Amino acid sequence: MEFGFDAEDEVFRRTARDWLAAHHTGDPGRRDWERELGRDGWIGLGWPEDGYGNRRATLTQQVVWAEEYARSGAPARSGHIGEKLLAPTLIGHGTAEQKARFLPPIARGEELWCQGYSEPGAGSDLAGITTTAVPEEGSAAARTYRVTGQKIWTSLAHEADWCFVLARTRPDAPRHHGLSLLLVPMDQPGRVEVRPIRQLTGTSEFNEVFFDGARAEHVVGGEGNGWRVAMSLLGHERGVSTLAQQVGFAAELRRVVETAVATGAAGDPVVRDGLVRLWAELRTMRWNALRTLGGSGDVGAPSVAKLLWGGWHQRLGDLAVRVRGAEASTGPLDWSAAAPYELDPLQHLFLFSRADTIYGGSDEIQRTIIAERVLGLPKEPRG
């Protein structure tokens, strides 16, 4: 099962490939790279509306761009949260004023976003959040809210200009009611604090964010409709990007195979069996992604996809260490005070993939969604 790319798609592919080859040179700063993408309209290809500085692309052309981007080795995106999550949500639920204010800077790569959902006591249980947003006195006509609470595992918060925050605006309402999605500027000294979380890899892509009366003037979808808007937003988290992710997975698998051959581990029939299984499972994930791409109404599809790739990536990480043998326990550089924690790509793969079955909704949560919403099994008892 393969996509039927037509002649126009192949022209688009050559355009994308040529642009990436011409512009992906050196090591541009993350913000500079976002602006470069935005200048030529490569941000917002999948938006159902244009006119914000983005170019339009069909679904297959979005797949083409995602695959070519992954193959080019271009830098990891800083603006994908605003482009892929917030923007479609604003287009579906935002006011005309909100779209006019926020979509053009996202398309130009000028404003970066982070997502304020999970909390220490409400990770996968999103309805249990305790962050509050209280209307500021004297702001009845155009309400300004004061946001107070803590968010955790907030990707790229240390780089973001804005955060879309799920907060409780009606404290006495039932769990799934009384929530609102607010747009909060991050540059509020004394009211917004970001604390990076050091991970097993030694890096800090995730953060804790503390709000202490932070001001927010924009509510998406209306006050009290946060749960509906949040669920709509989560539906944008998986789609075309899944196929691009698999291009990256294929490159990692090739690296593991090459290492197995170089170390002689490929002579072990158990290792060979593991490599073949991973190759076959990756092909199956691609077919499943193509089967569900562009579809709607299949509430279990995102959960199935997450279960497939999360476990697969962890098994790849395990095998990456196994084929290295004892050498996998040593770093690529001698220890020094300036570089006390260096990892090579396969070590990074092993350590980072430990989180794959937790972030983005743990495996347990995904199985519960499939059980209750797809198979119709009784809901899990709640305390």
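Me: Which residues line the largest cavity?
Reply: This is a predicted model, and in it the lining is made up of T242, Q245, Q246, M285, N288, A289, A305, L308 and W309.

Me: What volume does the largest cavity have?
Reply: About 60 Å³.

Me: And how many cavities of 30 Å³ or more are there?
Reply: The count comes to one.

Me: Which elements give two or more residues to the lining of the largest cavity?
Reply: Those are α7 (240-263), α8 (269-292) and α9 (301-324).

Me: How do the residues of that lining divide into nonpolar, polar and charged?
Reply: Five are nonpolar and four are polar, with no charged residue in the lining of the largest cavity.

Me: OK, pockets now. How much space lies in the second largest pocket?
Reply: About 320 Å³.

Me: Which lining residues lie nearest its centre?
Reply: Q246, V247, A250, L282 and R283 do, out of 13 lining residues of the second largest pocket. Q246 also appears in the lining of the largest cavity.

Me: Which elements each supply at least two residues to the pocket lining?
Reply: α3 (59-72), α7 and α8. Of the elements, α7 gives the most, with seven residues.

Me: How does the lining of the second largest pocket divide by residue type?
Reply: Seven nonpolar, one polar and five charged.

Me: Switching topic. How many disulfides does a search of the whole structure find?
Reply: Zero.

Me: Why is there no bond between C114 and C163?
Reply: The closest cysteine sulfur to that of C114 is in C163, but the distance is 3.6 Å, so the two are too far apart for a bond. The cut-off for a disulfide here is a pair of cysteine sulfur atoms within 2.5 Å. Looking from the other side, C163 has C114 as its nearest cysteine sulfur and is in no disulfide.

Me: Is C114 buried or exposed?
Reply: C114 is buried, because its relative accessibility is 0%. C163 counts as buried too, at 1%.

Me: Which residues does I81 touch, leaving out those up to four places away in sequence?
Reply: I81 touches L86, W113, C114, Q115, S155, L156 and F164. So C114 has a contact with I81 as well as having C163 as the residue with the closest cysteine sulfur.

Me: Where is I81, and is it buried or exposed?
Reply: I81 sits in helix α4 (residues 80-93). I81 is buried, with 6% relative accessibility.

Me: L156 was on that contact list. Where is its place?
Reply: L156 is in the loop between β3 and β4. L156 counts as buried because its relative accessibility is 8%.

Me: What's phi like at L156?
Reply: Phi there is near 60 degrees, a positive value in a residue other than glycine.

Me: What about phi at W153?
Reply: W153 isn't a glycine either, and its phi is positive at about 55 degrees. W153 is found in the loop between β3 (145-151) and β4 (162-168).

Me: Back to helices. Where does R13 lie?
Reply: R13 is in helix α1 (residues 7-23).

Me: Buried or exposed, that R13?
Reply: Buried, since its relative accessible area is 11% and the cut-off for buried is under 20%.

Me: What joins the side chains of R13 and E68?
Reply: A polar contact of 2.7 Å.

Me: Which residues does R13 touch, not counting those up to four places away in sequence?
Reply: F5, V64, E67, E68 and R71.

Me: And Q61, where is its place?
Reply: Q61 is in helix α3, one of the elements that supply at least two residues to the lining of the second largest pocket. Q61 is buried, with a relative accessible area of 10%.

Me: What lies 3.1 Å from a polar atom of the Q61 side chain?
Reply: The backbone nitrogen of T58.

Me: Which residues does Q61 touch beyond four places in sequence?
Reply: E8, D9 and F12.

Me: Last one: what separation do the C-alpha atoms of I81 and Q61 have?
Reply: They are separated by 20 Å, and the two residues are 20 apart along the chain.

Conventions:
Residues numbered from 1 in each chain as written. Predicted model: local features only at pLDDT ≥ 70, side-chain atom pairs only at ≥ 80, totals over all residues. Heavy atoms only, no water. Helix = DSSP H or I, 4+ residues; strand = E, 2+ residues; numbered from the N terminus. Buried < 20%, exposed > 50% of the residue type's maximum accessible area, 1.4 Å probe, protein only. Polar contact = N/O pair within 3.5 Å; in protein donor to acceptor, adjacent residues only side chain to side chain. Contact = heavy atoms within 4.5 Å. 1 Å grid on protein atoms, 1.4 Å probe; cavity = no way out; pocket = protein on both sides within 12 Å on 5 of 7 lines; lining within 4 Å. Points joined across faces, edges and corners; volume = space filled by probe spheres on them. Nonpolar A, V, L, I, M, F, W, Y, C, P; charged D, E, K, R; others polar.
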